[in-house]
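Grab a pencil and have the structure open beside you. Try each exercise yourself before reading its solution.

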Amino acid sequence: MDNDRIDQIIDKHQGEASSLIQVLLEIQSENRWLPKKGLERVSEKLQVPLTRILHIATFYKAFSLVPKGRHEVHICVGTACHVRGATRVLDTVQDLIGIKPGETDLELKFSLETVNCLGCCALGPVMEIDGKTHGKMAPAETADVLKNYE
Amino acid sequence: MSRINSPAELEEFRKGILSKRDPNKPCITLCSGSACNATGSGEVAARIEEELQKQGLSDEVDIRRTGCHGFCERGPIIINRPEEISYFQIKPEDVPEIISETIKEKKVVERLLYTDPDTNEKIIHESEIPFYKHQKRLVFGSNGNIDPKSIDDYLAIDGYSALAKALSGMTSEDVLEEVKKSNLRGRGGGGFPAGRKWEGTRNAPDEIKYVIVNADEGDPGAYMDRSLLEGNPHSILEGLTIGAYAIGSHEGYIYVRQEYPLAVENVNIAIKTAEEYGFLGKNILGSGFDFKVIVHQGAGAFVCGESTALMTALEGRVGEPRPKYIRSNIKGLWDKPSVLNNVETWANVPLIINKGADWFAQFGTEGSKGTKIFSLVGKITNTGLVEVPMGTPLKDIIFKIGGGIPNGRKFKAVQTGGPSGGCIPEELLDLEVGFDELTKAGSMMGSGGMIVMDEDTCMVDVARYFIDFLTDESCGKCVPCREGLRQMHKILTNITKGKGREGDIELLEELAETAKEAALCALGKSAPNPFLSTLRYFRDEYEAHINEKRCPALSCKELISFYIDPAKCKACMICLRKCPAEAIDGGKNKIHIVDQEKCTKCGTCFEVCPPRFGAVTKISGEPVPSPIPEEERIIRKRKKK
């Protein structure tokens with residue numbers, strides 16, 4: 001992501017320091033992670049110390065300071081999914097793709113995250129891949145779903 | 001679109017909309033909330049359009065994509081108006097039949113109707129289905145009738161009439177008095193009387209004041225605020241504007257989770273159109289009152305649902321709570337007096353102004369007025385959003401509306417109030433829901449999550465789950481919450497792993513007491529609730545885990561083993577093929593055995609074993625029987641004579 005694009009995003013928010021989180025969210029959603037160079041640019045433009053930006057980037061769950069895989073796998077571990085067996089789904093997916101929540105595999109194929117409730121409780125346990133919801137997952141079915149992603 | 005400049009112009013405009021609408025024109029309404037979208041509502045909508053075109057009906061039939069109807073278990077939902085013929089779990093391939101039969105011929109397609117599981121009777125109208133029949137949908141009811149992206153739809157159901165009434169016929173004191181008289185209490189968790197909160201801000205000397213919508217709905221298993229914001233965003237804007245008028249604020253914020261993209265989209269559209277029509281902006285409806293609304297997306301932090309943390313996040317900083325020596329309605333966002341209420345609270349305001357405080361107060365109990373939307377989830381037959389008057393017994397919500405527990409299992413507990421709430425056991429099912437009633441039972445109202453648990457749910461694991469959630473979400477500012485919860489989590493995890501020791505319960509109680517007394521904000525103070533309430537009602541389960549290393553619900557992975565009963569196994573190969581760990585040994589006509597070393601305890605074998613065999617069982621607290629000898633494992637088929 002180049003500086004011009006970052007400048008555009010900042011200008012859209014009138015360059016106000018209070019929009020810092022909104023600016024970071026936009027960079028995250030376009031670039032899918034927050035590279036250090038980009039954060040330095042934000043710091044310079046908004047006149048906010050880099051330490052404060054990093055404080056925010058590490059505090060909120062939406063931000064990632066490392067590159068993400070091509071496919072983002074989200075396993076819902078909200079209460080409704082939990083009582084319907086989300087832990088067993090998560091365990092199986094971890095075994096299958098060999099990474100833990102918060103990690104990305106070496107080929108940058110999958111990133112795995114747990115999320116607290118996607119609000120589709122009728123479909124629990126839910127696994128979401130790249131925004132597509134796969135409902136009523138049983139551990140054995142996860143392999144069939146995952147093999148569709150390259 | 002030119003701005004509407006007075007209440008009279010609004011009524012003229014409304015008449016214009018209604019006169020263009022023929023109430024007898026067929027209209028297909030399709031639920032397009034997040035849950036239905038996940039089950040394929042988008043594909044169904046595309047198919048409807050295509051099919052209408054094919055059958056040459058595009059001009060004769062309206063399609064309306066509405067917000068959430070609440071009955072998420074049976075989505076996607078189609079209601080054919082004006083007859084209100086309701087179809088559930090619609091797939092794209094059902095569409096041609098619906099159009100040729102129901103739309104053209106006015107005939108009912110029996111197989112798509114809801115079947116009452118008790119009487120086996122087919123039900124045609126949505127309002128007669130038990131799930132809806134026992135509800136009182138004052139706030140949530142419009143969701144199924146309007147397209148949330150269309151302001152005209154909202155105007156057609158009398159939208160913005162409360163705002164017009166407040167701005168033209170009432171002083172700001174009148175509005176405040178009406179809300180105070182209604183005794184509306186905050187629907188976000190604390191249950192603080194909204195009118196009193198508003199009054200504090202109104203009386204604060206500062207000129208600049210803010211109003212804020214808390215749409216950072218973080219409780220797992222609760223999604224009523226999202227559904228309101230997605231399905232009827234104008235009702236929240238209207239309530240917020242009325243509130244701003246009452247307290248003298250000219251700037252409002254909506255803090256919404258970025259995990260709710262559809263809600264963000266719909267509320268932004270609503271703000272834009274409301275500005276065009278003149279319900280927001282300068283000189284609203286010619287009253288001289290100015291008000292603008294800004295949307296701020298949350299970046300994913302549960303603690304930001306706490307009022308002071310939310311305000312710090314709005315300022316563009318890390319969302320940490322601050323002590324409330326001075327309440328935020330006196331000194332809040334940017335140190336200015338700020339009223340913060342949650343989505344559902346704001347959505348109640350137009351109703352109170354339109355119909356009056358007395359009308360509102362007829363619903364509910366002494367201490368809790370009006371209705372409440374609950375999100376009924378977990379081990380329940382009818383998962384969905386349910387709106388009932390305060391004071392409705394839990395039993396009615398779970399059994400009459402929710403349809404009880406699926407798969408013939410037995411009810412164990414219902415967890416209310418989100419992670420900081422508590423579990424209510426079967427013997428208290430007669431409890432009437434209300435702010436004070438739930439607190440007395442050791443739980444709380446919270447934002448209205450209601451998670452039903454059956455006999456397969458381990459209560460120690462539930463406590464561990466919530467403490468784990470809160471440990472993760474603790475902002476780390478104060479010690480009792482940051483360190484205390486971590487220790488509680490460690491002990492609870494040990495107990496569920498069979499490493500519990502005598503004295504653990506007492507130690508947990510001590511830690512819980514400290515966090516309750518000494519934590520800074522509501523998150524920390526209420527964090528021990530899930531532990532305390534499960535201990536209060538399910539102490540025996542804690543003791544079984546610690547003393548006998550047994551999980552009575554057969555749920556804790558480390559304490560159970562899967563075992564195939566050789567007397568029942570028919571060597572059908574189903575579990576053997578499905579096992580993701582390849583831990584089942586056997587073959588055709590060779591009785592299967594679980595290799596306990598390889599088994600990951602995912603439970604797949606237990607789920608796939610045909611019920612007529614029921615050979616796979618769970619064992620806890622006792623050793624697994626040793627495998628039968630090899631020669632006895634062969635099942636000999638009877639020779640044909």
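## Exercise 1: Chain A at a glance

Read along the sequence, chain A of this predicted model goes α-α-α-α-β-α-α-β-β-β-α.

**Task.** How many helices and strands does chain A have, and what percentage of its residues is buried?

**Solution.**
- Step 1: Go through the pattern for chain A and tally the letters; you should get 7 helices and 4 strands.
- Step 2: Now look at burial. Chain A has 150 residues, and 43% of them are buried.
- Step 3: For the dimensions, the C-alpha atoms of chain A fill a box of roughly 50 × 30 × 25 Å along the principal axes.
- Step 4: Finally, take the contacts in chain A with a separation of 6 or more: 61% of them are between residues 24 or more positions apart.

## Exercise 2: Two helices that meet

**Task.** Find helices α8 and α14 of chain B, and work out at what angle their axes cross.

**Solution.**
- Step 1: Locate α8 at residues 172-182 of chain B and α14 at residues 343-355 of chain B.
- Step 2: Their axes come within 10 Å and cross at roughly 105°.
- Step 3: Angles of 65 to 115 degrees count as roughly perpendicular, so α8(B) and α14(B) are roughly perpendicular to each other.
- Step 4: Look at who touches whom. On the α8(B) side you'll find B:Val175, B:Glu178, B:Val179 and B:Ser182, and they meet B:Val349, B:Ile352 and B:Ile353 of α14(B).
- Step 5: Sort that contact by class: 5 residues are nonpolar, 1 is polar and 1 is charged.

## Exercise 3: A strand with two partners

**Task.** Which strands pair with β1 of chain B, and in which sense, parallel or antiparallel?

**Solution.**
- Step 1: Find β1(B) at residues 27-31; 4 of its 5 residues are buried.
- Step 2: Check β2(B), residues 62-66. This strand runs parallel to β1(B), with 5 bridges joining them. Here B:Cys31 stands opposite B:Thr66.
- Step 3: Check β3(B), residues 78-81. It pairs with β1(B) in the antiparallel sense, over 4 bridges. In this pairing, B:Thr29 has B:Ile79 as its bridge partner.

## Exercise 4: One valine

**Task.** Is B:Val594 buried or exposed?

**Solution.**
- Step 1: Place B:Val594 in strand β18 of chain B, residues 590-594.
- Step 2: Count the other C-beta atoms within 10 Å of B:Val594: there are 24.
- Step 3: The cut-off for buried is 20 or more, so B:Val594 is buried.
- Step 4: Leave aside neighbours within four places in sequence, and the contacts of B:Val594 include B:Phe562, B:Ile564, B:Cys599 and B:Cys605.

Key:
Residues numbered from 1 in each chain as written. Chains lettered and ligands numbered in written order. Predicted model: local features only at pLDDT ≥ 70, side-chain atom pairs only at ≥ 80, totals over all residues. Helix = DSSP H or I, 4+ residues; strand = E, 2+ residues; numbered from the N terminus. Buried ≥ 20, exposed ≤ 12 C-beta atoms within 10 Å, placed from the backbone. Contact = placed C-beta atoms within 7 Å. Axes fitted to C-alpha atoms, helices over the stretch in contact; angles between N-to-C directions. Parallel < 35°, antiparallel > 145°, perpendicular 65-115°, else oblique. Nonpolar A, V, L, I, M, F, W, Y, C, P; charged D, E, K, R; others polar. Pairing = 2+ DSSP bridges.
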